Amino acid sequence: MEKRVLVLNLDHSPVAVVSPQKAIVLVLLEKANVLSTYDLLQIRTVSRSFEYPAVIRLTHYKSIPYRGVLLNRNNLFRRDKGECQYCGSKRHLTIDHVIPRSKGGKTSWTNLITACNRCNVNKGDKTPEQAGMVLRSEPFKPSLSYFLADYAVRSAEEWLPFLAVRAVNSEV
């Protein structure tokens with residue numbers, strides 16, 4: 001599996017994740033500098049070899065409008081580590097509104113959680129307090145850095161010093 005390269009803006013904020021080939025091109029065109037490399041890995045051409053970049057930083061600041069992390073089923077399950085936020089089950093997962101929509105609850109990062117079908121049915125059209133259920137963790141809006149750090153813990157530890165995020169559970 002090919003390792004990916006984290007691209008940082010001039011202010012060290014994450015901008016993108018690119019292929020090593022794209023990263024090498026940015027460095028050769030002097031549009032980016034290498035900040036970190038993967039140990040023991042190289043990219044070879046017919047006439048040259050390059051250290052395998054892990055993190056690069058753009059040489060000029062790029063104004064990129066931040067749209068946030070897209071709220072969808074996949075990202076919600078990733079945020080909640082694929083576990084029911086009531087009982088911890090990893091099977092038959094659905095999405096639950098903590099405050100039901102019928103009681104004014106919004107469809108937002110801070111009101112949606114991953115729940116197993118059983119807990120979702122038991123909770124029904126009530127708040128967790130009314131149903132006598134306790135959330136394992138408070139729902140929150142994750143940042144791009146949060147998801148990048150989750151990837152970094154699994155596949156690219158070289159990125160971690162460059163990502164300012166909440167502690168990510170390193171149990172994978």
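Me: Is Lys90 buried or exposed in this structure?
Reply: This is a predicted model. A residue counts as exposed when its relative accessible area is over 50%. Lys90 has a relative accessible area of 55%, so Lys90 is exposed.

Me: Which side chain meets that of Lys90 in a salt bridge?
Reply: The N to O distance in this salt bridge is 3.4 Å. The partner is partly exposed, with a relative accessible area of 22%. The side chain that meets Lys90 is that of Glu83.

Me: How many residues apart in sequence are the parts that Arg136 and Glu83 tie together?
Reply: The side chains of Arg136 and Glu83 meet in a salt bridge, at 3.9 Å from N to O. Arg136 lies in the loop between helix 4 (128-131) and helix 5 (144-155), while Glu83 lies in the loop between helix 2 and strand 5. The pair therefore ties together parts whose separation in sequence is 53 residues.

Me: Which residue forms a salt bridge with Asp96?
Reply: The closest N and O atoms of this pair are 3.3 Å apart. Asp96 lies in strand 5 and its partner in helix 3 (residues 117-123), so the pair ties together parts that are 27 residues apart in sequence. Asp96 is buried, with a relative accessible area of 4%. The partner, buried with a relative accessible area of 1%, is Lys123.

Me: Which residues are joined into one network by salt bridges that share partners?
Reply: Glu83 meets Lys90 in a salt bridge. Glu83 also meets Arg136 in a salt bridge. The network therefore takes in the shared partner and both others: Glu83, Lys90 and Arg136.

Me: Is Asp80 buried or exposed?
Reply: Asp80 is placed in the loop between helix 2 (73-79) and strand 5 (93-97). Leaving aside neighbours within four places in sequence, Asp80 is in contact with Gln85, Ile113 and Thr114. Its relative accessibility is 6%, and under 20% means buried. Asp80 is therefore buried.

Me: Within what arc do the buried residues of helix 1 fall?
Reply: The buried residues of helix 1 (residues 20-28) are Pro20, Ala23, Ile24 and Leu26. They line one face of the helix, because, seen down its axis, they fall within an arc of 160°.

Me: Which strands do the buried residues of helix 1 pack against?
Reply: Pro20, Ala23, Ile24 and Leu26 are the buried residues in question. They pack against strand 1 (5-8), strand 2 (14-18), strand 3 (32-44) and strand 4 (49-58).

Key. Residues are numbered from 1 along each chain as its sequence is written. This is a predicted model: local features need pLDDT of at least 70, side-chain atom pairs count only at pLDDT 80 or more; totals for chains, interfaces and linings use all residues. Side-chain values use heavy atoms; hydrogens and water are left out. Helices (H or I, at least four residues) and strands (E, at least two) are DSSP runs, numbered from the N terminus. Buried means under 20% relative accessible area, exposed over 50%, partly exposed in between (1.4 Å probe, protein chains only). Contact means heavy atoms within 4.5 Å. The arc is that of the directions from the helix axis to the C-beta atoms. A salt bridge is a side-chain nitrogen of Lys or Arg within 4 Å of a carboxyl oxygen of Asp or Glu.
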